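User: I should like to go through the reasoning behind the terms used for this structure. Please take the terms one at a time.

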Number of protein chains: 2
Amino acid sequence: MKDQLRTHIEKIVPLSDEEFEHISSFFIYKKYKKHQFLIQEGDAVPYNYFVLKGLLKLVYTNDAGKEHIVGFAMEDWWETDFQAYYKETKASLSLECVEDTEVLCLNLDDYRKLCREFPKLEHFFLEKAYMGFISAQQRIISSMTDGIKERYKQLIEKYPSLIQRVPKSLLAAYLGVSRETLSRLSV
Amino acid sequence: MKDQLRTHIEKIVPLSDEEFEHISSFFIYKKYKKHQFLIQEGDAVPYNYFVLKGLLKLVYTNDAGKEHIVGFAMEDWWETDFQAYYKETKASLSLECVEDTEVLCLNLDDYRKLCREFPKLEHFFLEKAYMGFISAQQRIISSMTDGIKERYKQLIEKYPSLIQRVPKSLLAAYLGVSRETLSRLSV
């Protein structure tokens, strides 16, 4: 299953067998059932997760107890509460399985060690970080677009395979509309 | 004025005089007047801008012609239309001076060259990219927080010196409320 990680990294930087052997030894394999939590709000966040298989939702629960979906993650995506992971604070988000999920976990010390040892891995993470930043900024811009229908359409165009797998109630929570509003949209 | 860039980079990675001399030679100095554009929607985006002095607004104009503020940038911040810069597409945002502004410009080829030559500069940009990503994600989460008053309060706490300088009408456009709504809030 670590081959999947290698293929993923090699889309950006090539690795020798020895390099990948060493790099992959830092990752821990974990398996979760649907509805299980990888991160719970208030806990420490030791890991960044590379998704091998399955589907996750990153959730923010506001003071009124309402759940909002910050993002989804499926095969070959990285996900965690990045602020808590990177700044070593408590989680303000939770990360929960929408499907049975398998992940490879990387802790912060090992991440830093790997970056020091392999500048090309730092290059890989920089590309990923930029893509993450651009996606987050596009999400902010999308929320400024007039019309939920247009926003829904953008989402389908951007992540066609994701949309197939995410229950409509969660898509509604991601878009910030009610389930009823979403089902009235024919895109 | 390039000393400011050195101090900024050295908060994350140390540089020798020779290294900085070489690195700084890739940056171009430019000066703009209030209301001038660094980036106009639809144009190519050759540069990432390091702000030496002044204040910028990054603006998204939706189909109905309404202006939304994606972000601000002042001294020691980096700003551009990152999607257009990084993916070499046309700008979907504009970047405009709120105050007279001086910047150091870095084009994408030079950025890539510098990263290849100086792995520690890649480390610097990775730190910056993570911070940018975390800030963008915090902005998404903040929009899920109930109550504009709470969101305004968070903004003041996070960027006290910025808030002093940004006209109230622009703060309203950033928060997505009318100028009148904003002035009714006493935080």
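Analyst: The model is predicted. In it, 36 residues of chain A are in contact with 36 residues of chain B.

User: What makes a residue of chain A count as being in contact with chain B?

Analyst: The criterion is heavy atoms within 4.5 Å. On that criterion, 36 residues of chain A touch 36 residues of chain B.

User: How is the area buried between chain A and chain B described?

Analyst: The size of an interface is often given as the accessible area lost when the parts come together. Here the area buried between chain A and chain B is about 3700 Å², and carbon and sulfur atoms give 68% of it. Y86(A), Y130(A) and M144(A) supply 18% of what chain A buries against chain B, more than any other three residues.

User: Why is the pair R112(B) and E127(A) called a salt bridge?

Analyst: The limit is 4 Å between a side-chain nitrogen of Lys or Arg and a carboxyl oxygen of Asp or Glu. For R112(B) and E127(A) the N to O distance is 3.7 Å, so the pair satisfies the limit. The count between chain A and chain B is two salt bridges, while the structure holds 20 over all chains.

User: Why do E10(A) and R6(A) lie about one helical turn apart?

Analyst: They are four residues apart in helix 1 (residues 2-10) of chain A, and are therefore separated by about one helical turn. Their closest N and O atoms are 3.6 Å apart, and the two residues form a salt bridge.

User: What else pairs across the interface of chain A and chain B, and which elements of chain A take part?

Analyst: Eight residue pairs are in polar contact across this interface. On the side of chain A that touches chain B, strand 4 (55-61), strand 5 (67-74), helix 3 (82-87), helix 4 (108-117) and helix 5 (119-142) each supply at least two residues. Helix 5 of chain A gives the most, with 18 residues. By class, that side of chain A has 22 nonpolar, eight polar and six charged residues.

User: How do you know that the two copies are related as by a two-fold rotation axis?

Analyst: Chain A superposes on chain B by a rotation of 180° with 0.0 Å of shift along its axis, at an RMSD of 0.0 Å. The two copies are thus related as by a two-fold axis. In chain A, the C-alpha of F133(A) is nearest the axis, 2.1 Å from it.

User: Why is it said that the copies meet through the same surface?

Analyst: Of the interface residues of chain A, 100% are also interface residues in chain B, so the copies meet through the same surface.

Key:
Residues numbered from 1 in each chain as written. Chains lettered and ligands numbered in written order. Predicted model: local features only at pLDDT ≥ 70, side-chain atom pairs only at ≥ 80, totals over all residues. Heavy atoms only, no water. Buried area = accessible area lost by both parts, 1.4 Å probe. Polar contact = N/O pair within 3.5 Å; in protein donor to acceptor, adjacent residues only side chain to side chain. Nonpolar A, V, L, I, M, F, W, Y, C, P; charged D, E, K, R; others polar. Least-squares fit on C-alpha atoms with pLDDT ≥ 70 in both.
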